[in-house]
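This briefing covers selected local features of one structure. Please look over the sequence and the model before reading on.

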Amino acid sequence: MDSLGPGSVAEMSLQKVITTRQFVFMALSSSIGAGVLLATYSSLAVGGPGSLLVSFAIVGLAVWVTMCALGELSAAFPASGSFYEYSVRFISPAWGFAMGWNYVINFLLIVVFELVVILLCVRYWDPDISAYYVLPPFIIALVLINAFGAKWYAEAENVFAVCKMLVLSGFIIVAILIATKFIPGDSRPDSELGFGLWNEGTFRNGAVGFLYVFMAAGMAYGGTEMLGLTAAECENPERVMPLACNIVPIRITWLYLLPIFTLGLVLKVPLDETVQAGGISPFVAAIDQAGVTKLATIFNGIIIVAIFSMANASVFASSRALQAISARGMGPSFFAQIKWGHPIWALVLVFCVSLLSLVKMAKDGDMVFDWLLALAAGSNYFTWISICACHVRLRLAIRRKRINENEILKWKSPAGIAGSMVAILIFLFGLSAQIAAAVHSPLPKPPPILASILGIIIVFTFWAGYMLLKRGGLLIPLNEIDLTVKTESTASLRGSYDVESGAQSVETESDGLARTLTRIKKEEDES
């Protein structure tokens, strides 16, 4: 795969048309999809409300730290491809290659997954409706939204963001009314509502239940980091990522932890074979159990819109990530092409893959679909670990080269390097939980163990394969990490990128940093 020359890179700039207002709405609720709106149903049955809340709180904290690390990296080194580019630059080209393709595969398959979930939610009203009537209109809608480019994608996401905030905020209010017996049609005794219900099975299935839910929490938060990709098409990329870091804690508390806490007060889910069938949101089920069927229908409709939003965001993320890795010579060159401001061939591939959502309707479709999803198992944890590792190695490289941090870092993560190290440990625990939950699955019909760890195998296969074929090193030495601060246009027109070594060079750089680097080099030569 040949890398693109400077001339071709210059022709491939993504349009910077997303405003700060649009970005703020995306930071609040973009990427909230089936992971929290549907998968929490089985998590509640397996682990109970206590495991669900604790797992989401721990992973949520680590995700916030990761966003702060990404904000620091993005403010100092704005780049298309974001965390993929940082993995190449601060860890190694081999790991960057693995992370780039890991991210592309993950979000390609999430598009398929979210479309199937939409079908299951529609079947809440009509269990026998055919996929061939439901899915094509949603696929066409995805095509139309993305055909108009990043600006219209952002506007659509703003509308979807309002829907998500309404449905989750509305549920918090409704759940409080249910738990306090303000719903006339709900005849359940006090022991089956509120803290009586919560205390009945706070931590079901012990450690195994907790590990399963912890794994599910990693899926639910997936996509938060795609703000790094979105920032590349913002008018002020250096400003918006630090802003997102301040918004994400509000998002996690308001749209994840509070709805999940109140869900445990009003919904009891038995652990039987129906849990794995899916098809109903726990938020809809809770309102249904309270006897407010008309409200449950309204919530189900808004949840379909919210899940469609995640499919839309996944189209954006997978196409931009594929374009970025291909532009750096780590993918087929035609996927790097940009026409009319869009990564046109990357989008074509995404929409072709979206048709796999129809596979579930075929004979043995469930088995094929489960194995497709297995390719992305553990993807989110790998992405987050890479972002935090890049942040740690950036700080260590600055110290090794004796550079003043303020000359490079325009904004610093409040969690610092220690926060990123703690987050890495949490994510490693998440990967371990995935393996443990696969070996000792609490589900009535456990999936094959290989299906639960296939994604982990895929990542290391990409990484090891690149190292063997390209003879790359395990890590870029800290003193060889390029800390040159430059704009994207400078990199395109005047710079060159060495994929083999992970080094990058530019003819023109800021005078202050140039003097610092020259002084350090002179001191090293003299010593």
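Which residues in H5 are buried? They are Phe 83, Tyr 84, Glu 85, Tyr 86, Ser 87, Val 88, Arg 89 and Phe 90. The model is a predicted one. The points below start from helix H5, follow its charged residues to their partners, and then turn to other parts of the chain.

**Helix H5**

- Helix H5 spans residues 83-90, and eight of its eight residues are buried, so the helix is largely enclosed by the rest of the structure.
- Buried here means under 20% relative accessible area.
- Among the buried residues of H5 are two that take part in salt bridges: Glu 85, which pairs with Arg 328, and Arg 89, which pairs with Asp 482.

**Salt bridges**

- Side chains of opposite charge can pair when their charged atoms come close.
- Six salt bridges are found in a search of the whole structure; three of them are described here, beginning with those of H5.
- In the salt bridge between Arg 328 and Glu 85, the closest N and O atoms are 3.2 Å apart. Glu 85 belongs to helix H5, while Arg 328 sits in the loop between helix H14 (293-327) and helix H15 (344-354), so this pair ties together parts that are 243 residues apart in sequence. Arg 328 and Glu 85 are both buried.
- Arg 89 and Asp 482 form a salt bridge whose closest N and O atoms are 3.3 Å apart. Asp 482 is in the loop between helix H19 (449-470) and helix H20 (488-494) and Arg 89 is in helix H5, so the pair ties together parts that are 393 residues apart in sequence. Arg 89 and Asp 482 are both buried.
- Glu 200 and Lys 268 meet through their side chains in a salt bridge with an N to O distance of 2.6 Å. This pair links distant parts of the chain, 68 residues apart: Glu 200 is in helix H9, and Lys 268 is in the loop between helix H12 (237-266) and helix H13 (282-289).
- Glu 200 is partly exposed, with a relative accessible area of 46%. Lys 268 also counts as partly exposed, at 44% relative accessibility.

**Helix crossing**

- Helix H6 (residues 93-122) and helix H17 (residues 379-400) have axes that come within 10 Å and cross at roughly 140°.
- Angles over 145 degrees count as roughly antiparallel; H6 and H17 are therefore oblique to each other.
- The crossing of H6 and H17 is left-handed.

**Positive phi in loops**

- Most residues other than glycine have a negative phi.
- Lys 181 has a phi near 65°, a positive value in a residue other than glycine. Lys 181 is found in the loop between helix H8 (150-179) and helix H9 (194-200), and is partly exposed, with a relative accessible area of 36%.
- Asn 205 has a phi near 60°, again a positive value in a residue other than glycine. Asn 205 lies in the loop between H9 and helix H10 (206-220), and its relative accessible area of 41% makes it partly exposed.

**Nonpolar surface**

- Ile 140, Leu 144, Phe 148 and Trp 152 make a nonpolar surface patch of about 480 Å².
- Of these residues, Ile 140 lies in helix H7, which covers residues 131-147.

Conventions. Residues are numbered from 1 along each chain as its sequence is written. This is a predicted model: local features need pLDDT of at least 70, side-chain atom pairs count only at pLDDT 80 or more; totals for chains, interfaces and linings use all residues. Side-chain values use heavy atoms; hydrogens and water are left out. Patches are made of residues with over 30% relative accessible area and no salt bridge: like charges are joined within 9 Å, nonpolar side chains (Val, Leu, Ile, Met, Phe, Trp, Tyr) within 5 Å. Accessible areas come from the Shrake-Rupley method with a 1.4 Å probe; for residues, only the protein chains shown count as cover. A salt bridge is a side-chain nitrogen of Lys or Arg within 4 Å of a carboxyl oxygen of Asp or Glu. Helices (H or I, at least four residues) and strands (E, at least two) are DSSP runs, numbered from the N terminus. Buried means under 20% relative accessible area, exposed over 50%, partly exposed in between (1.4 Å probe, protein chains only). Axes are lines fitted to C-alpha atoms, for helices over the stretch in contact, and angles run from 0 to 180 degrees between N-to-C directions. Angles under 35 degrees count as roughly parallel, over 145 as roughly antiparallel, 65 to 115 as roughly perpendicular and the rest as oblique. A crossing is left-handed if the near helix is turned anticlockwise from the far one by less than a right angle, and right-handed if clockwise.
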